[in-house]
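Let's take a friendly walk through how the parts of this chain fit together. Have the coordinates open as you read.

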Amino acid sequence: MNRLHDADRRDFASDNYAGAHPEVLAALVEANGGHQGAYGADDYTARLQEVVADHFGAQATAWPVFNGTGANVLSLQSVLPRWGAVICADTAHIHTDENAAPERVGGLKLLTVPTPDGKLTPELVATQAWGFGDEHRAQPGAVSITQSTELGTLYSPDEVRALADQAHELGLRLHVDGARIANAAAALDLPLRAFTTDAGVDVLSLGGTKNGLLYGEAVVVLDPAADGGLGYLRKMDMQLTSKMRFVSAQLVALFESDLWLRSARHANAMAARLRSGLEGLPGVVVTRPTQANGVFVVFPAGVAEALRRRWRFYDWDVATGEARLMCSFDTTPGDVDELVAAVAAEMA
Ligand SMILES: Cc1ncc(COP(=O)(O)O)c(C=O)c1O
């Protein structure tokens, strides 16, 4: 096969525009050859359980899946009854970017809450945590938060703990969409379990793709009592891969060493560099805190269009002209400086 793309081109659209980390590709080569049991009866999936237990505690179990939407839907489905509903921010990926998978595949109702910064608080959750026992209302059964959030912000361990305590008092489960959990841990400078297991989280979508895997995430059950038939549901949700060794080997490569942390720290550092470069340019408005690997910005008129001749990046809010610039494990300081210089040149 001939290479069909420019392997030196890097954009700021999403951390999943990046390819796979070379250490992940090497792990796949190691995992290849010979026969291994299918559907998770393989040595790499067994090793993944140990690696996940090291990070999240001996009680934690990992359920590899194909993608983040699958991890979220499966996690939530497993902790909710048929009549259950999920309280989430109105910017949550499960609400804005998963089509209607939570509703149609998961059969879940989402009870959304507007937030200033993508983060739920107990006060915000309370606006939807009502109607218990009322057959006319979908029954709130889980709270779902994203760490780091879709707006590039972070929950502290205390903030997660407050949500977990409230959820548990109400008989709800707390789910974390951790598509970018590594970026959160790197930014908080804390072990993964400090703001998950130790903060009362029940079930986690553990991200891999955005941090250098080809593809693959895992549902991680942190409270064994929260597992409502994950094994069966994973198959029903079409997230059970037969050659699971290759998803598990990638996750092992990421989380067995410090690769997850190195890559996330790097992506965060590139976002910090991008922010400080853009902030120095008059007329450019950086709109949100840069706590992980995303920078949100409004460029002066015409600048975004000019930049798009060279780089891809997403509009976050077309109405306000706010763009989202994401950095990934392979973003280089040169990439960042080139973009900043291009913005400066456009404005000059
Ligand atoms: C916050 C968040 N959750 C989950 C996902 C995973 O989605 P996918 O189904 O594309 O792997 C994404 C990807 O954009 C995301 O940003």
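What follows covers the domains, a helix pair, salt bridges and the backbone.

**Two domains and their contact**

This is a predicted model. Its domain assignment splits the chain into domain 1 (22-259) and domain 2 (260-347). The contact draws on 24 residues from domain 1 and 19 residues from domain 2. Measuring from C-alpha centre to C-alpha centre, the two domains lie 28 Å apart.

How much area do domain 1 and domain 2 bury between them? The figure is about 1,900 Å², with 53% of it on carbon and sulfur atoms. On the domain 1 side, L151, N183 and D258 lose the most area to domain 2, and together they account for 26% of what that side buries. Three salt bridges are counted between the two domains.

**Helix 8 against helix 11**

Two packed helices are described by the angle between their axes and the distance between the axes. Here helix 8 (residues 181-188) packs on helix 11 (residues 259-279) at an angle of about 75°, with axes 8 Å apart. That angle makes helix 8 roughly perpendicular to helix 11, because values from 65 to 115 degrees count as such.

If you would like to look at the contact itself, helix 8 brings A182, N183, A185, A186 and A187. Facing them in helix 11 are W260, L261, A264, R265, A267 and N268. By type, the residues of this contact divide into eight nonpolar, two polar and one charged. N183 thus appears both here and among the domain 1 residues that lose the most area to domain 2.

**Salt bridges**

Side chains of opposite charge can pair when their charged atoms come close. The model has a count of 19 salt bridges, including the two in this table.

| Salt bridge | Closest N to O distance |
|---|---|
| R262 and D258 | 2.9 Å |
| R161 and D165 | 3.0 Å |

D258, the partner of R262, is another of the residues listed above for area lost to domain 2. As for R161 and D165, they are separated by about one helical turn because they stand four residues apart in helix 7 (residues 157-169).

**Backbone details worth a look**

Most residues other than glycine have a negative phi, and most peptide bonds are trans. Which residues does a cis peptide bond join? They are Q147 and S148, with omega about -10°. S148 sits in the loop between strand 4 (139-146) and helix 7.

N99 is not a glycine, yet its phi is positive, about 45°. You will find N99 in the loop between helix 4 (93-96) and helix 5 (101-105).

Note on methods:
Residues are numbered from 1 along each chain as its sequence is written. This is a predicted model: local features need pLDDT of at least 70, side-chain atom pairs count only at pLDDT 80 or more; totals for chains, interfaces and linings use all residues. Side-chain values use heavy atoms; hydrogens and water are left out. Axes are lines fitted to C-alpha atoms, for helices over the stretch in contact, and angles run from 0 to 180 degrees between N-to-C directions. Helices (H or I, at least four residues) and strands (E, at least two) are DSSP runs, numbered from the N terminus. Angles under 35 degrees count as roughly parallel, over 145 as roughly antiparallel, 65 to 115 as roughly perpendicular and the rest as oblique. Contact means heavy atoms within 4.5 Å. Ala, Val, Leu, Ile, Met, Phe, Trp, Tyr, Cys and Pro count as nonpolar, Asp, Glu, Lys and Arg as charged, and the others, Gly among them, as polar. Domain bounds come from an automatic or database domain assignment. Buried area is the accessible area (1.4 Å probe) that two parts lose on being put together, summed over both. A salt bridge is a side-chain nitrogen of Lys or Arg within 4 Å of a carboxyl oxygen of Asp or Glu.
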